[in-house]
Amino acid sequence: SFNSMIENLDKKNSDITELIRELKKSDERQRIIMDSVQTGIVTIDAETHKIVDVNPAAINMIGDAKENIIGHICHKYICPSEKGKCPITDLGQNLDNVEREVLMANGKKIPILKNVVPIKLGGKEYLLESFVDLTEKKKLENRLHSAQKMEVIGTLAGGVAHDLNNIL
């Protein structure tokens, strides 16, 4: 009976060791995915609005060290909403999907498309904010707009030249 108790303990220890190994693998997979995604991802404490986690893409867009970003109120970098006007925690929205700007640590602004959803982790409420850099898209839109303006001017100039030619 003593031997069977020891065998049961050994089996339980083996099961616990295997469970810990699986949890570490799962945590490593999650971290690799979060670090590889080119979308900025920030986890925010819904009660205090302080940033509790940030992935490398967000760190690059914000342009500061991770340890300087974590602990700051999200309004400092991402959402310029005033205190009490958070779309999720204060205005009761379930989703906030808008174009905004990230205020980089050096003061420069980057246009982004951001998406914020409320989540629960370990019984605590958080905001999961993800955003993509729209800088290149905005540059292309500006170039297209300029090209369209030039096309209109060209058409107008062609019409004027045609009318002038008819008069002559």
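**Cavities, a pocket and salt bridges in a predicted model**

Let me begin inside the protein, where the second largest cavity is lined by R31, M34, I41, T43, D53, V54 and N55. The elements that each give two or more residues to this lining are α1, β1 and β2, the last of these covering residues 51-54. I should say at once that this is a predicted model, in which local features need pLDDT of at least 70 and side-chain atom pairs count only at pLDDT 80 or more, while totals for chains, interfaces and linings use all residues. Residues are numbered from 1 along each chain as its sequence is written, and side-chain values use heavy atoms, with hydrogens and water left out.

What do I mean by a cavity? On a 1 Å grid over the protein atoms alone, a cavity is a set of points where a 1.4 Å probe fits but cannot get out, whereas a pocket is an open set with protein on both sides within 12 Å along at least five of seven lines, and lining residues have an atom within 4 Å of a point. Grid points are joined across faces, edges and corners, and a volume is the space filled by probe spheres set on the points. The structure holds two cavities of 30 Å³ or more, and the second largest has a volume of about 40 Å³. Its lining divides into three nonpolar, two polar and two charged residues, where Ala, Val, Leu, Ile, Met, Phe, Trp, Tyr, Cys and Pro count as nonpolar, Asp, Glu, Lys and Arg as charged, and the others, Gly among them, as polar.

Now to the largest pocket, which holds about 160 Å³ of space and is lined by D27, Q30, R31, M34, I41, T43, D53, I119, L121 and L128. Which element gives the most to this lining? That is α1, with four residues, although α1, β1 and β4 (109-121) each supply at least two. By class, the lining of the largest pocket has five nonpolar, two polar and three charged residues.

Let me step back to the whole chain, whose secondary structure comes to four helices and five strands; here helices (H or I, at least four residues) and strands (E, at least two) are DSSP runs, numbered from the N terminus. Read along the sequence, these elements follow the pattern α-β-β-α-α-β-β-β-α. Of the 168 residues in the protein, 23% are buried, where buried means under 20% relative accessible area, exposed means over 50%, and partly exposed lies in between, with a 1.4 Å probe and protein chains only.

Next come the salt bridges, of which the structure holds eight, a salt bridge being a side-chain nitrogen of Lys or Arg within 4 Å of a carboxyl oxygen of Asp or Glu. R31, D53 and K66 are linked in a network of salt bridges, and you may remember that R31 and D53 are also among the residues that line the largest pocket.

Another salt bridge joins E18 and R21, whose closest N and O atoms are 2.8 Å apart. These two residues are three positions apart in helix α1 (residues 2-36), so about one helical turn separates them. E18 is partly exposed, at 36% relative accessible area, and R21 is also partly exposed, at 42%.

What does the salt bridge between D45 and K124 tie together? The closest N and O atoms of D45 and K124 are 3.0 Å apart, and because D45 lies in strand β1 (residues 40-45) and K124 in strand β5 (residues 124-133), the pair ties together parts that are 79 residues apart in sequence. D45 is buried, with a relative accessible area of 9%, whereas K124 is partly exposed, with 30%.

K120 and E125 form a salt bridge as well, with their closest N and O atoms 4.0 Å apart. In that pair K120 counts as exposed, at 58% relative accessibility, while E125 is partly exposed, at 45%.

I will finish with two pairs of residues compared by their C-alpha atoms. D35, which is found in helix α1 and is partly exposed at 35% relative accessible area, is 21 residues from P56 in sequence, yet the C-alpha atoms of D35 and P56 are 5.8 Å apart in space. R100, found in strand β3 (residues 96-103), is partly exposed at 27% relative accessibility; R100 and P111 are 11 residues apart along the chain, and 5.9 Å separates their C-alpha atoms.
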